[in-house]
Amino acid sequence: MKILITISKNHVGPRFDLANEVVIARVQNGQILGEPRIILLPGTSPEEICALVIKEDVSVVICGGIEEVHYQYLIWKKVKVFDSIIGPYEQALKLVLSDKLEAGAILPG
Amino acid sequence: MTKSKSAVIRKADLLHVLDGVPHGIAVLDKQQRLLGLNRFLGALTGYNSEEVQGIYYDYVLRSNLSHKGNPLQNVIETGESITTEGNIINRRRQNIPIRFTISPIKDSSGKLLGVVLTLEDISILEDLGRKILGLSGLEGIIGHSPKMQEIFDLVPVISQTNASALITGETGTGKDLLAYAIHQTSKRSRYPFIKVNCSALPESLLESELFGYKRGAFTGANTDKPGMFRLAHGGTIYLTEIGDLPLPLQAKLLTVLDDKEFFPLGSSKKVKVDARVIASTHRDLKKFIGQGKFREDLFFRLNVLRLHLPPLRSRDGDIRLLIDHLLNVFNSNLKKSIKGLDQKALDVLLNYYYPGNVRELRNIIEYTATVCQENTIRSKHLPKYMFLSKEKEPLSSNQDQESEKNVGTLDINPESPSEASGSMSWVSVEKRMIMEALMKTGGKRGRAAKLLGWGRSTLWRKIKQYELE
C-alpha cells in the first residue's frame with residue numbers, strides 16, 4: 001500500500017489544497033519499502049492532488065486542513081484520510097504505521 | 001523566560017478581555033509561534049488556546065497567507081500594520097473567507113515584541129457579492145413550492161428572536177442549511193455558529209464536548225476544555241439529531257436552556273453562556289416521548305418555534321428546479337458542458353421517490369454528470385439502483401411518511417402501452433411479471449423469485465416454460 005503526506009519543510013503541510021510538496025511512501029507489512037518519494041507540485045490544484053492520489057493508488061492520505069469536498073471525494077474513493085494533523089511528517093508516518101495516528105493529532109516537535 | 005517574552009505573554013493575558021470581541025484574535029511571538037487565541041478564533045478554527053501554544057501559527061490557522069507573499073514577515077520586518085484578504089480551512093473542513101489584519105506589538109521603546117493577527121469572517125460579505133439566484137430568500141436553500149415558501153416567510157421572524165427553535169424533517173431535506181440560515185440572518189451572525197451532532201459521540205464524550213471540562217476532571221484531561229456551549233457564546237449552538245441525545249444529557253440541556261448556565265465536568269464553578277439553541281431531528285419526537293426515550297419537558301422547551309421541512313417528493317415543482325440548478329453547479333465544478341436531460345431520464349428523475357431527499361438528488365446529479373460523456377443526460381447515465389428497486393419509503397422514520405406501496409412490490413400498470421389492448425391472457429401477464437421482476441433485480445433470479453413471491457424452482461420452471469431465457 002501507499003501513504004501520501006502533504007508536506008511543508010519537515011512538517012505535515014497545513015493545507016491539502018495549497019500543498020507544494022508531497023511524500024509518497026510504499027509500505028508492506030508495516031515497513032516502509034525503500035526511500036519515500038518526494039514530489040514537487042508547484043501551483044497544483046486540489047483536484048490534481050486528488051487525481052494523483054488515485055493515479056498512484058494511494059490508500060492513506062495524511063494532511064493538515066482539507067476542504068469537505070476533497071475529503072469526501074477521497075473517502076468515496078476508499079482512501080483513508082487523517083486530516084488536521086500538526087507535526088513532523090516522519091513522526092506522523094511512524095504513528096500511522098503503528099496504527100496510532102488519529103485525525104486531528106497534534107504531534108510534538 | 002526573557003523580559004520581552006513575558007511582556008508579550010502579559011499581552012496574551014489580554015485574550016481573556018478579547019474573548020468578547022466578535023473577531024478572531026491571535027497573539028504571536030516574533031518567530032510567528034502562537035501565544036494564544038481568543039475564544040472567537042477558537043470557535044472559528046476548532047482549536048482552544050492552550051493546546052496550540054508554541055505552534056507555528058499557520059499549522060493551526062491554515063490560512064493562505066504564505067501564498068500571498070507572507071505579509072506576516074513583512075509586518076515583523078517593517079513594524080507596519082497590514083490588512084489583506086484570504087481564507088482559512090478550519091478543523092470542520094470549512095473554507096472560510098477572512099479579512100486578516102496584522103499588527104505589530106511594540107514595547108514603550110518601540111522594540112517589536114510580537115504580532116497580533118485579527119481575523120474577520122467575511123463570508124457574509126462574499127455571499128452578498130455573489131450573484132443571487134433569486135430562487136429563494138435564503139442562500140443555499142432553493143425552492144419555489146408553496147411549502148418551501150412558507151418556510152422562507154418564517155425564517156426572518158424566527159431570526160429576530162432568541163427563543164429555542166426545533167427543525168424537523170426527513171434526512172437530506174436541508175435541516176442544517178436552514179439552521180445556518182437562521183443564524184446568518186440573526187443578530188448573532190457575527191458570532192460563532194457551532195454544530196454538534198448528538199448521535200456521533202458516546203454519552204460521556206458528548207457531555208465533555210458540549211459542556212467542557214476542568215483540568216484533572218478525569219484521566220487524560222490535561223487542559224481545560226471550554227466545550228461547545230462556551231464556544232458558541234454570543235452565537236448559536238446547533239444540536240443535530242437531538243432525538244439521539246442520551247436521557248441524562250437531556251436533563252442537563254434542559255437546565256442550560258432554563259438557567260443559561262451549567263457546571264463543566266469536574267468544575268465547581270458555574271459558567272454562564274448566552275447561546276441560542278437550535279435543534280433538529282429526523283425522528284418523531286412525540287413518538288419518542290411515548291416510548292420514554294425523550295423528555296417531554298425538553299420537547300416543549302425546544303418546540304417554542306418549530307419549522308418542518310417537507311420531503312422533496314411533496315415539494316411541487318422543486319425537483320425540476322433543483323435538477324436544473326444542480327446541473328449548472330456540477331457543469332461548472334466538473335468542467336462539463338451538459339445541456340440537459342432527455343425526456344426519459346427526466347421522467348425517471350421526476351417520478352423517483354427520493355428517500356434521501358435533496359441530498360440524494362444532489363448525489364444522483366453529481367454521479368450522472370460525472371458518468372455522462374455526452375451533451376445530454378440519458379437514462380443509461382442514471383444510477384442503476386433507481387431502476388432496480390422502487391424505494392417507496394423514506395430512509396428515516398418520520399411523521400411525513402405517506403401511505404405508499406410497500407418496498408419492492410411489483411407494480412404492473414394496466415394503462416401501460418403494451419397492455420393497453422385489455423385482452424391480455426394470464427400467460428402474457430405472467431410473462432410480463434417475470435420480465436419486470438428480472439429487470440428490477442438486474443437479472444438475479446433468486447431476488448426476482450422473492451419479489452414475485454415464488455420459489456426459485458417455480459420461477460426457473462416458468463422461465464423455461466415461456467422460453468424467456
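Q: Why is Arg313(B) called buried?
A: Arg313(B) has a relative accessibility of 17%, and buried means under 20% relative accessible area, whereas exposed means over 50% and partly exposed lies in between (1.4 Å probe, protein chains only), so Arg313(B) counts as buried. This is a predicted model, in which local features need pLDDT of at least 70, side-chain atom pairs count only at pLDDT 80 or more, and totals for chains, interfaces and linings use all residues. Residues are numbered from 1 along each chain as its sequence is written, chains are lettered from A in the order in which they are written, and side-chain values use heavy atoms, with hydrogens and water left out.

Q: What makes Cys198(B) buried?
A: The relative accessible area of Cys198(B) is 1%, and therefore Cys198(B) is buried.

Q: Why is there no disulfide between Cys50(A) and Cys63(A)?
A: A disulfide is a pair of cysteine sulfur atoms within 2.5 Å, but the sulfur of Cys50(A) is 9.6 Å from its closest cysteine sulfur, that of Cys63(A), which is too far for a bond. A search of the whole structure finds 0 disulfides over all chains.

Q: How do you know that Ala345(B), Leu346(B) and Leu349(B) are on the same side of H14(B)?
A: These three residues are buried in helix H14 (residues 343-351) of chain B, where a helix is a DSSP run of H or I with at least four residues, numbered from the N terminus. They cover an arc of only 100° around the axis, which puts them on the same side; the arc is that of the directions from the helix axis to the C-beta atoms. On the other side of H14(B), Gln343(B), Lys344(B) and Asn351(B) are exposed.

Conventions:
Helix = DSSP H or I, 4+ residues; strand = E, 2+ residues; numbered from the N terminus.
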